[in-house]
Amino acid sequence: MPTIIIADDHQIVSEGIARLVEKNYQVQSITTNAEELIQAAKQFQPDIIITDISMPGMQLNQTLGLLKRTCKEAKIICLTMHDEAEILQAAFEYGADGYIVKHQAGFELLQALETVLAGKQYVSAELQEKFNQKTVLTARQLDILKLLAKGMSAKKIALSLNISAKTVEYHKYKMIEQLDLDNASSLVAYAHSRNLI
């Protein structure tokens with residue numbers, strides 16, 4: 001029986017998922033933040049990880065990257081309220097195998113589990129068009145934009161993402177240019193308007 005770890009900071013969501021999958025899968029652990037998730041992944045080495053992408057401590061690039069290094073064989077399904085094309089595509093860039101919006105989870109989760117175990121990617125039907133469309137921002141730019149929107153300086157962002165402050169500044173001005181905005185403040189407003197944070 002394939003093994004699963006569930007990560008969500010809302011207990012009612014985790015318990016609902018566990019009940020939905022328990023006939024065909026063994027739930028090894030339920031965690032509520034990114035740190036607990038990584039510890040559980042190391043300990044249990046599950047076949048599948050079902051994770052929210054907005055819970056405490058969750059940074060898409062770092063958390064998914066760590067999970068992929070920690071559990072090389074595990075399939076990762078992101079379960080989220082975010083339906084923005086930028087976040088969807090960034091999740092796959094960083095190693096996700098499946099992506100489901102929460103309000104569709106009951107209908108789609110079992111199908112998604114079968115699909116990723118068969119070695120294929122799964123995207124919620126309603127997001128298929130967004131998955132295929134060309135987005136303006138790269139996954140790296142999205143990381144920087146999220147931290148800018150939180151009020152972090154270029155120096156702090158550089159430390160957080162393990163890149164140079166010059167690289168942060170380059171991406172910042174590149175994004176302003178690509179999105180045809182006036183300044184960094186407009187960039188932050190764009191992030192909020194698109195729910196990218």
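Here is a short chat about helix packing and burial in this predicted model.

Colleague: How are H7 and H9 oriented to each other?

Modeller: Helix H7 covers residues 139-149 and helix H9 covers residues 165-178, and their axes sit 10 Å apart. The angle between them is about 95 degrees. Angles of 65 to 115 degrees count as roughly perpendicular, so H7 and H9 are roughly perpendicular to each other.

Colleague: And how do the residues of the contact of H7 with H9 divide?

Modeller: From H7 come Arg140, Gln141, Ile144, Leu145 and Leu148. They meet Val168, His171, Lys172, Lys174, Met175 and Gln178 in H9. The split is 5 nonpolar, 3 polar and 3 charged.

Colleague: Which residues are exposed on the other side of H1?

Modeller: Start with what is buried in helix H1 (residues 11-21): Ser14, Ile17, Ala18 and Val21. Those four cover an arc of only 100 degrees around the axis, so they are on the same side of H1. In general, an α-helix has 3.6 residues a turn, so residues three or four places apart point the same way. Across on the other side of H1, the exposed ones are Ile12 and Arg19.

Colleague: What do the buried residues of H1 pack against?

Modeller: There are both strands and a helix in that list. The partners are strands S1 (3-7), S2 (26-31), S3 (48-52) and S4 (75-80), plus helix H5 (105-117).

Colleague: Is Ser29 buried or exposed?

Modeller: Ser29 lies in strand S2. Leaving out residues up to four places away in sequence, Ser29 touches Ile4, Ile5, Ile6, Ala40 and Phe44. The cut-off for buried is under 20% relative accessible area, so at 14% relative accessibility Ser29 counts as buried.

Terms used:
Residues numbered from 1 in each chain as written. Predicted model: local features only at pLDDT ≥ 70, side-chain atom pairs only at ≥ 80, totals over all residues. Heavy atoms only, no water. Axes fitted to C-alpha atoms, helices over the stretch in contact; angles between N-to-C directions. Helix = DSSP H or I, 4+ residues; strand = E, 2+ residues; numbered from the N terminus. Parallel < 35°, antiparallel > 145°, perpendicular 65-115°, else oblique. Contact = heavy atoms within 4.5 Å. Nonpolar A, V, L, I, M, F, W, Y, C, P; charged D, E, K, R; others polar. Buried < 20%, exposed > 50% of the residue type's maximum accessible area, 1.4 Å probe, protein only. Arc of directions from axis to C-beta.
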